[in-house]
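Okay, thanks for coming, everyone. I'll put the structure up and then walk you through a few places in it.

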Amino acid sequence: MNFFLETLMVFVFSVVYNLEAFFRMFIPARKKSVAGEIVLLTGAGSGIGRLIALEFARLGARLVLWDINEEGNKETARMIKESHGSRAHTYTCDCSKREEVYRVADQVKREVGDVTILVNNAGIVTGKKFLQCPDSLLQKTMEVNSIAHFWTYKAFLPAMIAGNHGHLVSIASSAGLTGVNGLADYCASKFAAVGFAESVALELHASGCDGVKTTIVCPFFINTGMFDGAYTKWPSLLPILEPEYACRKIIDAVRRDQVYLCIPRFIYVILALKSILPTKLGVLLGTYMGSFDFMAQFKGHQTKSD
Ligand SMILES: NC(=O)c1ccc[n+]([C@@H]2O[C@H](COP(=O)([O-])OP(=O)(O)OC[C@H]3O[C@@H](n4cnc5c(N)ncnc54)[C@H](O)[C@@H]3O)[C@@H](O)[C@H]2O)c1
């Protein structure tokens with residue numbers, strides 16, 4: 001194609017896509033039905049994973065619940081049964097272990113069928129400064145929060161591509177978009193999760209597979225216990241999110257085939273500023289926003305003995 005025509009096309013489409021994005025601010029895309037879809041959630045035994053599972057079940061999807069915590073996972077299944085009368089399939093699986101993921105994935109395919117919506121949600125946080133964090137925990141964080149996604153995609157994506165139907169959901173974090181003092185290992189793992197999900201989405205696009213959708217979720221702190229003690233200086237701009245709100249936004253984003261979801265919206269502003277401001281000004285604004293102290297009082301999940 002010649003240079004003039006190609007450049008003209010880019011201009012025309014940039015107007016069209018900008019108008020479309022503007023229009024979508026007032027009239028959002030229709031929500032697709034997820035009834036009958038087979039939804040597999042990792043980390044379904046508590047927090048956001050449990051809420052997402054309950055909501056998908058309410059919408060008529062068939063649920064496959066994975067967690068390392070067998071009791072929590074069974075409790076989610078029991079809640080689904082009680083609230084919606086449907087049976088969820090529970091599997092105890094440590095998704096950081098490649099062979100275990102492949103073994104349990106085969107079991108799911110035999111017992112339930114091909115997964116059509118995969119939600120990589122399982123996650124851990126050490127909350128330790130990098131030099132104080134034992135090597136084994138640094139490694140585990142990477143294995144659970146990002147490398148596990150390789151194995152689940154390898155296990156379930158081929159059938160989605162073959163049927164040109166499916167949805168990959170990555171529950172990442174705003175810590176996967178900008179570094180945070182005191183969260184070096186967590187940020188590394190979430191940046192990796194975002195980069196991986198984004199790249200596979202582009203691979204799908206380049207290969208013309210338009211039936212497999214992707215959603216990357218980047219929330220600020222959510223009040224699930226995982227980040228207990230984390231602090232926000234300006235809660236009106238950066239509130240600690242309620243799990244029910246985060247869950248509602250995530251399900252809506254999936255049903256509207258939204259590619260990126262940052263919550264609260266102010267995360268989009270931070271991301272834009274980070275890309276355009278001089279570094280010193282970025283650091284000054286970060287200090288003003290209290291970002292250096294987010295993790296100062298971090299306690300994390302509290303057990304009964306704490
Ligand atoms: N809570 C927040 O503030 C927050 C903010 C942004 C992103 N996130 C992300 O959201 C996701 C869910 O977090 P949450 O707040 O519900 O936390 P949570 O601790 O309540 O839930 C995490 C679940 O993952 C499970 N899990 C941990 N390691 C596992 C493994 N190896 N294999 C299988 N399951 C495993 C846990 O047993 C638990 O049920 C995580 O990926 C987290 O990083 C959380």
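**A quick tour, from pocket to loops**

Let's start with Ser-189, which touches Thr-141, Met-142, Asn-145 and Ser-146, leaving aside residues up to four places away in sequence. Before I go on, keep in mind that what you see is a predicted model. Ser-189 sits in helix α6, residues 184-206. Is Ser-189 buried or exposed? It counts as buried, because its relative accessibility is 0%, and the cut-off for buried is under 20%. One of those neighbours gets a bit more than a touch: the side chains of Ser-189 and Asn-145 make a polar contact at 3.1 Å.

Now over to the ligand. There are 29 residues around it, and the ones that come nearest are Asp-67, Tyr-186, Ile-222, Thr-224 and His-301. Which kinds of residue make up that shell? The split is 16 nonpolar, ten polar and three charged.

There are some polar atoms to point at here too. Ser-46 has a polar side-chain atom 3.0 Å from an oxygen atom of the ligand. Then we have two backbone cases: a backbone N or O atom of Ile-68 is 3.4 Å from a ligand nitrogen, and a polar backbone atom of Cys-93 is 3.4 Å from a nitrogen atom of the ligand. How much of the ligand does the protein cover? On its own the ligand has 830 Å² of accessible area, and the protein covers 95% of that. As for the elements, α2 (47-58) and α6 are the ones that give two or more residues to this shell. So α6, where we met Ser-189, turns up again at the ligand.

Next, the inside of the protein. Generally speaking, nonpolar side chains in soluble globular proteins tend to be buried together. Here the largest nonpolar core has 54 residues, and Trp-66, Val-108, Phe-156, Leu-168 and Phe-227 have the most contacts inside it. Quite a list of elements gives two or more residues to this core: β1 (38-42), β2 (62-67), α4 (98-111), α5 (135-163), α6, β6 (212-219) and α8 (266-276). Which of them gives the most? That's α5, with eight residues.

Take Phe-156 as a close-up. Not counting residues up to four places away in sequence, Phe-156 touches Leu-40, Trp-66, Ala-105, Lys-109, Val-115 and Leu-118. There's also a second, separate core of 32 residues, and Ile-171, Val-217, Ala-246 and Val-254 are among them.

Another one to click on is Val-64, in strand β2. Val-64 is buried, since its relative accessible area is 0%. Its contacts, beyond neighbours within four places, are Ile-38, Val-39, Leu-40, Leu-41, His-89, Tyr-91, Val-108 and Val-112. If you want a sense of scale, the C-alpha atoms of Val-64 and Thr-232 are 35 Å apart.

Last stop, the backbone oddities. Most residues other than glycine have a negative phi, and most peptide bonds are trans. The peptide bond from Ile-263 to Pro-264, though, is cis, with omega near -5 degrees. You'll find Pro-264 in the loop between β7 (260-263) and α8.

Two residues have a positive phi without being glycine. Asn-164, in the loop between α5 and β5 (166-171), has phi near 45 degrees. Asp-257, in the loop between α7 (243-255) and β7, has phi near 55 degrees. Asn-164 counts as partly exposed because its relative accessibility is 34%, and Asp-257 counts as partly exposed at 28%.

How values were computed:
Residues are numbered from 1 along each chain as its sequence is written. This is a predicted model: local features need pLDDT of at least 70, side-chain atom pairs count only at pLDDT 80 or more; totals for chains, interfaces and linings use all residues. Side-chain values use heavy atoms; hydrogens and water are left out. Helices (H or I, at least four residues) and strands (E, at least two) are DSSP runs, numbered from the N terminus. Buried means under 20% relative accessible area, exposed over 50%, partly exposed in between (1.4 Å probe, protein chains only). A polar contact is a pair of N or O atoms within 3.5 Å; within protein, one must be able to donate a hydrogen and the other to accept it, and residues adjacent in sequence count only if both atoms are side-chain atoms. Contact means heavy atoms within 4.5 Å. A residue is near a molecule or strand if one of its heavy atoms lies within 4 Å of it. Accessible areas come from the Shrake-Rupley method with a 1.4 Å probe; for residues, only the protein chains shown count as cover. Ala, Val, Leu, Ile, Met, Phe, Trp, Tyr, Cys and Pro count as nonpolar, Asp, Glu, Lys and Arg as charged, and the others, Gly among them, as polar. A nonpolar core is a set of buried Ala, Val, Leu, Ile, Met, Phe, Trp, Tyr and Cys residues joined through side-chain atoms within 4.5 Å.
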